[in-house]
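Reader: I am new to this structure and would like a close look at a single part of it, taken slowly. Please begin with one element, describe it residue by residue where that helps, and then place it beside the rest of the chain.

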Amino acid sequence: MLQATKNQTKTAALMRMGFNQINYIMHKSVERGLARRNNMEDVLHISIDEKSFKRGHDYVTVLSNPETAAVLNVSHGRKKESVKEVINETFSKEQKGQIETVSTDMWEAYINTVREELPNSKLCHDKFHLVKYLNEAVDQVRRKETKRHEELKHTKYVWLKNKINLTEKQRLKFEAINNANYETARAWRIKENFRDIIFNQPFNEAFALFLRWLTDALNSQISSIIRVAEMFKRHAVAIINAIVLNRNNAMAERLNGKIQEIKLSAKGYRTFENFRIAILFFHGKLMLYP
């Protein structure tokens, strides 16, 4: 029943109404909820994330409040114009001035727009996305090294999993390769050293920890790791902000999963506006009732 209510066609059948009637009710409810929303001056921290809309490179930008788990707004696309649109539609000039932190990944359109539109805020790069770059680098090293060491074949997930979650078979493979000190194992250790940095540190400690990690990564002589380290170096201020302030996109990622459920239940959306309305209807935490 719950999944049916997230599918407008099934909801229409359950309520013995037409699809257009259900769609109209949702649109009017969200419109009413947005008009009633009067707590935007309380929003001090925001997250900006992307979500695929249709096949291909078609995305939406999702603006959310990490403290209330509410989607604040959605715009079509992830280019600079789309990010500007979603920020300026959501906040007044005064409200923009009071936002303290913005958590996002290293997508240039997000970074540049935040700097222009929210100059008083501190940009924080999400740890989840940073570790994702390092995981990809470790796998690049593994695939390259597999040509010389066949025992690395079929071990992709050994290096992605948390060590405590390895199966016994995976643990034995991991120990054998780790003890042999292959380049893959060295890359994995650099990645794990970054993961071990505790996010919620005084600035001096955060700076020292990040600088130590960065130096080790740049001196690793592992090209894939060096490329990621150089990218992290270019974005050092926002990474250190995240370590100090402990800001991340964890809630945004959870919302992303819930938005995916909406997509799957509806078997996709033909128009962006209907997709946006569904996201705000179910996850905007709006006062929808008449």
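## A close look at one helix, and what surrounds the account

Author: In this predicted model, helix H14 covers residues 250–266, and its 17 residues reach 25 Å from the first C-alpha to the last, which is close to the 24 Å expected at 1.5 Å a residue. The residues of H14 that are buried are Ala 252, Leu 255, Asn 256, Ile 259, Ile 262, Lys 263, Ser 265 and Ala 266. To read such a list, it helps to recall that an α-helix has 3.6 residues a turn, so residues three or four places apart point the same way. The list includes Asn 256, Lys 263 and Ser 265 alongside Leu 255, Ile 259 and Ile 262. Just after H14 comes Lys 267, and the phi of this residue is positive, near 55°.

Another helix offers a single buried residue to set beside that list. Asp 139 lies in helix H7, which takes in residues 127–145. With a relative accessible area of 12%, Asp 139 counts as buried, because the term applies to anything under 20%. In sequence Asp 139 is 21 residues from Leu 160, while in space the two are 8.4 Å apart, C-alpha to C-alpha.

The strands can be read in the same way, starting with E2, residues 58–65, where eight of the eight residues are buried. Both faces of E2 are covered, with Asp 58, Val 60, Val 62 and Ser 64 buried on one side, and Tyr 59, Thr 61, Leu 63 and Asn 65 buried on the other. Strand E1, residues 45–54, runs antiparallel to E2 and is joined to it by seven bridges; here Lys 54 stands opposite Asp 58 of E2. Three residues separate E1 and E2 in the hairpin that they form, and in its turn Gly 56 has a positive phi of about 85°.

E2 is also joined to strand E3, residues 70–76, by six bridges, and these two strands again run antiparallel. Val 62 has Val 74 of E3 as its bridge partner, and Asn 65 stands opposite Ala 70, also in E3. The hairpin of E2 and E3 has four residues between the strands, among them Ala 69 in the turn, with a positive phi of about 60°. Because six of the seven residues of E3 are buried, this strand is largely enclosed by the rest of the structure.

Finally, the whole chain gives these parts their setting, with 15 helices and five strands in its secondary structure and a C-alpha trace that spans about 65 × 45 × 30 Å along its principal axes. Of the 290 residues in the chain, 50% are buried. Among contacts with a separation of 6 or more, 61% are between residues 24 or more positions apart.

Terms used. Residues are numbered from 1 along each chain as its sequence is written. This is a predicted model: local features need pLDDT of at least 70, side-chain atom pairs count only at pLDDT 80 or more; totals for chains, interfaces and linings use all residues. Side-chain values use heavy atoms; hydrogens and water are left out. The expected span of a helix is 1.5 Å times one less than its number of residues. Buried means under 20% relative accessible area, exposed over 50%, partly exposed in between (1.4 Å probe, protein chains only). Contact means heavy atoms within 4.5 Å. Two strands pair if DSSP finds at least two bridges between them.
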